Amino acid sequence: TFCVVSKRFRKNYIHRFTGTKSLFCFTPWSPTRRACVYLATNQFFDYFVMATILFNCIFLAMSETIEEAEYIFLAIYTSEMIIKMIAKGFILNKYTYLRNPWNWLDFVVITSGYATIALDVGNLAGLRTFRVLRALKTVSIMPGLKTIINALLHSFKQLAEVMTLTIFCLMVFALFALQVYMGELRNKCVKNLPSDLTNVTHEDWYMWVNDTQNWIVDEDDMPMLCGNLTGARHCPPEYTCLCIGENPNHGYTNFDNFMWSMLTTFQLITLDYWENVYNMVLATCGPMSVSFFTVVVFFGSFYLINLMLAVVALSYEEEAEITQEERRKDLIDHRDDSTFSFDPASLNVKQLSKQQRKKIDARKGVLLASYSRKKTRRRKKGKEGNGNGHVSCLLRPSSLPFSCLMFASFASRAKVAR
């Protein structure tokens, strides 16, 4: 492998590359690969990619998409992927492009973009929604976003216990509301039957009470809720509070069965327009329901939901500490990392003493002397070979001309005969 030191986002980074041929074509010292390595490790190249992602998000937010712009963005992303593949290699060796999990999303998004262009079929038209995932390419560029995503992924294990506690409390609250408030939100003030009507059948009474013109409506033309309990909203003397019709909010707000009770209780825990449910329950069941909402809101919202946020915050702090510890590591500890940051001031640099310098100089002298002796021996052998009729050539035998090979073989046969 070989390493490249660069500066990105005001930090020093070391990028490791495989020393083998990338894509079976480009050696480490080929001009094409050297140019791709320079671009892949340049911080201005990252800035250009981030600006492209920003403009792509702006074009995706438009009501009318511009197909020509999509082709341009796809070409830029493809060029980025090809540059990184030439610089690092594809997948076979270590430190290659697809050995980094952050590049998997980029590869899938780009290939799906070409699939939507090549095959414009109704079933594949849904693949165009993958264009929205291009905004996640910034995660693979900015190190700070990687820390946040890793914190979220690591917090899933710790959130399992908190989620179990939250679901258990939600089920308890939903069962309590199911037993107490079942059908109470359907109470409406219905006008009494006229006194001159006698011998009214059940069908006539049913049509009368279900006629919306006989209900009391509020300012928003919605049926006014009522209750028969103490402290609830009572109807006028000429009206009667009956449980008829559908539930409020087009039937979505109710406690009539366990699933709807779970949904409404979850709305209370998340504080999503919970005061509307609170006012409706107080109108139908009286002020005794305040205790239920107090427990659900304070324990469910202010404790359980914030407990989840606390777990995510702790995971982020742990991930940030891990990142700081990795920066303090020695360079030897980053053997498996393709890209990592380091602090030059924290490098353990030792200054050699005079005695150690003398030993190193002595070793250098021995190596140079042995190299010079080997060189002189090769020269003598070359001169002797030329004197005996042999042909000395710097080229490989496969690259020698046929006449040179024939002359060398003839000279060797003559020497044997002699």
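Begin the tour by selecting Lys374, which lies in helix H10, spanning residues 354-387. The model on display is a predicted one. Extend the selection to Arg373, Arg377, Arg378, Lys380 and Lys381; together with Lys374, these residues form a positive surface patch.

**The negative patch**

Next, select Glu219, located in the loop that connects helix H6 (202-209) and strand S4 (239-243). With a relative accessible area of 80%, Glu219 is exposed. Adding Asp218, Asp220 and Asp221 to the selection completes a negative surface patch, of which Glu219 is a member.

**The nonpolar patch**

Now display Leu165, Phe168, Val172, Val295, Phe299 and Tyr303 as a surface. These six side chains make up a nonpolar patch whose accessible area is about 540 Å² in total. Two elements each give two or more residues to this nonpolar patch, namely helix H5 (143-181) and helix H9 (290-328). Centre the view on Leu165, which belongs to helix H5. Its relative accessible area is 35%, so Leu165 is classed as partly exposed.

**Annotated transmembrane regions**

Colour residues 44-62, 69-87, 107-127, 162-182 and 290-316; an unreviewed UniProt entry annotates these ranges as "transmembrane region". Two of the ranges may be examined individually. For residues 44-62, the C-alpha atoms at the two ends are 28 Å apart, and the span is 89% helix and 0% strand. For residues 290-316, the corresponding separation is 37 Å, and the span is 100% helix and 0% strand.

**The salt bridge in helix H3**

Select Lys84 and Glu80 and show their side chains. A salt bridge joins the two, with an N to O distance of 3.1 Å. Both residues lie in helix H3 (residues 67-88), where they are four residues apart, about one turn of the helix. Are these two partners buried or exposed? Lys84 has a relative accessibility of 12% and therefore counts as buried. Glu80, at 5% relative accessibility, likewise counts as buried. The cut-off behind both assignments is a relative accessible area under 20%. How many salt bridges does the count give? The count comes to one.

**The loop between helices H4 and H5**

Move to Leu136, in the loop between helix H4 (102-118) and helix H5. Leu136 has a relative accessible area of 41% and is therefore partly exposed. Then add Val109 and draw a C-alpha to C-alpha distance between the two residues: Val109 and Leu136 are 27 residues apart in sequence and 10.0 Å apart in space.

**Two positive phi angles**

The final stop is the loop between strand S2 (11-17) and helix H1 (31-40), where Leu23 is found. Which backbone angle deserves inspection at Leu23? Leu23 is not a glycine, yet its phi is positive, at about 55°. This residue is partly exposed, with a relative accessible area of 35%. Select Phe24 next, which lies in the loop between S2 and H1. Phe24 also is not a glycine, and its phi is positive at about 60°. With a relative accessible area of 68%, Phe24 is exposed.

Definitions and conventions:
Residues are numbered from 1 along each chain as its sequence is written. This is a predicted model: local features need pLDDT of at least 70, side-chain atom pairs count only at pLDDT 80 or more; totals for chains, interfaces and linings use all residues. Side-chain values use heavy atoms; hydrogens and water are left out. Patches are made of residues with over 30% relative accessible area and no salt bridge: like charges are joined within 9 Å, nonpolar side chains (Val, Leu, Ile, Met, Phe, Trp, Tyr) within 5 Å. Accessible areas come from the Shrake-Rupley method with a 1.4 Å probe; for residues, only the protein chains shown count as cover. A salt bridge is a side-chain nitrogen of Lys or Arg within 4 Å of a carboxyl oxygen of Asp or Glu. Lys and Arg count as positive and Asp and Glu as negative; His and the chain ends are not counted. The place of a charge is taken as NZ of Lys, CZ of Arg, CG of Asp or CD of Glu. Buried means under 20% relative accessible area, exposed over 50%, partly exposed in between (1.4 Å probe, protein chains only). UniProt positions are given in the numbering used here, feature names are shortened, and annotations may be inferred rather than shown by experiment.
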